[in-house]
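Work through the exercises below with the sequence and the model at hand. Each task is followed by its solution in steps.

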Amino acid sequence: MIQYMPLFRQCTTSRSLAKLHAHLIINGLHKDPLASTKLIESYSQMGSLKSSRIIFNTYSNPDSFMWGVIIKCHVWHFHLQESIFLYNSMICQFQETSSFVYPSVLRAVSAIGDLGIGQKVHGRILKCGVELDSFIETSLCSMYGENGWMGYARKMFDEMSVRDVVSWSSMISSYVRSGDVKEGLGMFGELVKEGVEVDSVALLSAVEGCGELGVWRVGRSIHGYVLRWDIRSDGSLINSLIAMYGKCGDVCSAEFIFRDAVDKSIYTWTAMISCYNQNGCYREALTLFVKMHEFDVECNEVTLMAVLCSCARLGWLKEGKSIHGFIVRNSLDCGDDLLGSALVDLYANCGKLSDCHKVFGSSQEHVVSWNMLISGYVQEGFSKNALMLFVDMVRKGILPDSYTLASVLSASGDIGFSEFGGQIHSHIIRTGFSTEFVQNSLIDMYSKCGLVDYALMIFKDTQERSVVTWNSMMCGLTQNGLSREAISLFDEMYLNLSKMDEVTFLAAIQACSTTGWLEKGKLVHHKLIIFGVRHDMYIDTALTDMYAKCGDLWMARRVFDSMLERSIISWSAMIGGYGMHGQIDDAISLFHEMVNCGIKPNDIIITNILSACSHSGYLNEGKYFFNLMINLSIDPKPEHFACLVDLLSRAGDIDKAYEVITSMPFPADVSIWGALVNGCRIHKRMDIIKMIQQMLENMQTDDTGYYTLLSNIYAEGGEWNESRTVRSKMHSLGLRKVDGYSMIEFEKTIPA
């Protein structure tokens, strides 16, 4: 029979194999166990598992080796349950089985993920005394590791008689896949120290681990190891290196590897496009996609998803629609989990919610598509619609994930719907779905709803606090007027040597600005420089605002002048600072400088200028800026009219101020009438007060300053009954005059 073995190797088609099979039958050799075993294996390799089964079932008394081959053939064809059934049938017939059987059985168990069956097979291996077989040891390690049973896997690995590169690679890969990346990288380090020749599988897992942890230095060392030893592999290692550098933020190194790659597969191009996306280089990602088409490289669903993501982040609807058209023309499934969700994300980010729904209709079974649509509604400010969509999603039996819950909590916080947010919180506790992402969203939701105590409770119960958790709590405290507590939290974070980022310092600077705590603001600025946090437009604007509000205009202007890029908010902060401290000429000069730089003023800057003119008595300048606003097609808001009325009233032109109020396109609110009343008081114009007395008394507001002002005016005019009536109305509404207070710094602190 041995002489027929070369003939089996020459059979490259089912037809040639069938001819050999017929020849063996004619010559009576098909009953030979070696011939039947080889036929079973060969038919399976040709894709005909059915023929293999027929030969096996018609053989009268198969030995354990033949059983092992038929089991292996079923595993090859992913008939995993059948392979386990065959194994159980085999052990019923044989007390001792060939060690050859177990690697295939263990692969089947690994794919099924049944620990109970795996342990039974392991027990059988021990009973048969073949546990020291190196192939079986490696297969046991792989089975336990691939299913996340790392305790069993590590025990097996530590007890192995001989550890080859395959067993090391299996363990490293299992640790990385199970999420214990640090342990996986630690094992890779041990592998190198042991002097075992590293293969591409171990390197692939190590590179992937570096990307997950963002450890750039370790990743670069592994890259150096690959180059130094000239390790050859397929493109997967190159793709992993590109992905790793992308996750670590080193786009230049990723570009270098991409350019140096000889054979760029679709996966290489996709890895580079994804790298650009991860680092905010969306234009570069689209440019590379165009170049990819010029090289006639076929794209797949993952590539298209990445490109749609680029269009979504840039808000490029036209380009996104072109990609959508390409998907339709190539008969790709828009309801696919990847493409459907990416298209929903595109139209949501571009504000086209109607198009979102059209695409969403074909991908409703995917939770990712629901997440994108809910998130789109939240981003566009339709928080109620987002909550209704969430309810609809739950009714249809689709289970929310952490991204869904975070979006819904954000929507609840935006509209102050704490009851709904509380129900989501209960669901999270009940289901144990409490990831860090969700915890941070809960802190944010309760803070926005004014329930800071609940937010603090969640913050204190969080065991491992990331920088995002600290930032969420600091911002929540500042939003609710608890700026001193936010600064204390910043100090605690600093003492704990916690990681700090731009948002941390931004929140701390804003808290100092709110309290007017200049010395603490300077200290935060100092720490910002020491920590090496990258200065950006937002931080510099916040510093300008903080120094201006705290009265250090020289330092505010110094920070402002050092900015490489200024937004309209940056200009507004500096102009508002000058106006607040009565330096109206500097404010006006800076305003004109801004206009000369080609920046169009907005309504907030006009408000700052008008307010400054009002308090400084710059009547003509105030009128000029009000008229300028109209010329710039900026619709005046109540605060603009309030400033103009205050300006005219303070200057004594009460009749003109009253004329402005009566000609307004909307009813005057209490701030506008209050400005007029204050002017009447200054210039003793009780005739105007009498004329609008009924209107003033019917005003509904919780501003105690308005009622106090009106009462004092009546008292000064000797009209005590009217004065008492106003005071009584204020008390009946449950309003109490807030006592005035000042804040001072004493020994570099602000006393409570």
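A residue is buried under 20% relative accessible area, exposed over 50%, and partly exposed in between, with a 1.4 Å probe and protein chains only. The model is predicted: local features need pLDDT of at least 70, side-chain atom pairs count only at pLDDT 80 or more, and totals for chains, interfaces and linings use all residues. Residues are numbered from 1 along each chain as its sequence is written, and side-chain values use heavy atoms, with hydrogens and water left out.

**Exercise 1.** Place tyrosine 43 in its element and decide whether tyrosine 43 is buried or exposed.

Step 1. Helices are DSSP runs of H or I with at least four residues, numbered from the N terminus. Tyrosine 43 is found in helix α3, residues 33-45.

Step 2. Tyrosine 43 counts as buried because its relative accessibility is 10%.

Step 3. Contact means heavy atoms within 4.5 Å. Leaving aside neighbours within four places in sequence, tyrosine 43 touches Leu17, Ala18 and His21, and also Ser48, Leu49, Ser51, Ser52 and Ile55.

Step 4. For alanine 18, which is 25 residues away along the chain, the C-alpha separation from tyrosine 43 is 8.9 Å.

**Exercise 2.** Determine how many disulfides the structure holds, and examine cysteine 141 and cysteine 252.

Step 1. A disulfide is a pair of cysteine sulfur atoms within 2.5 Å. The structure holds zero disulfides.

Step 2. Cysteine 141 has its nearest cysteine sulfur, that of cysteine 128, 19 Å away. Cysteine 141 is buried, because its relative accessibility is 0%.

Step 3. Why is cysteine 252 not bonded to cysteine 281? Their sulfur atoms are 9.1 Å apart, which is too far for a bond, although cysteine 281 holds the closest cysteine sulfur. With 58% relative accessibility, cysteine 252 counts as exposed.

**Exercise 3.** Classify the ring pairs made by phenylalanine 625 with phenylalanine 591 and with tyrosine 624.

Step 1. Rings of Phe, Tyr and Trp (its six-membered ring) pair if their centres lie within 6.5 Å; planes under 30 degrees apart are stacked, over 60 edge-to-face, and the rest tilted. The structure holds 22 aromatic pairs.

Step 2. Phenylalanine 591 and phenylalanine 625 are 5.0 Å apart centre to centre with 85° between the planes, an edge-to-face pair. Phenylalanine 591 belongs to helix α36 (residues 584-596) and phenylalanine 625 to helix α38 (residues 619-631), so the pair ties together parts 34 residues apart in sequence. Both phenylalanines are buried.

Step 3. The ring centres of tyrosine 624 and phenylalanine 625 are 5.1 Å apart and the planes lie at 70°, so this pair is edge-to-face too. Tyrosine 624 is partly exposed, at 42% relative accessibility, whereas phenylalanine 625 is buried at 1%.

Step 4. Elsewhere, ring pairs link Phe490, Tyr494, Phe505 and Phe531 into a cluster.

**Exercise 4.** Locate serine 567 and list its contacts.

Step 1. Serine 567 lies in the loop between α34 (553-562) and α35.

Step 2. Its relative accessibility is 18%, so serine 567 counts as buried.

Step 3. With neighbours within four places in sequence left aside, serine 567 is in contact with Met537 and Thr541.

How values were computed: Helix = DSSP H or I, 4+ residues; strand = E, 2+ residues; numbered from the N terminus.
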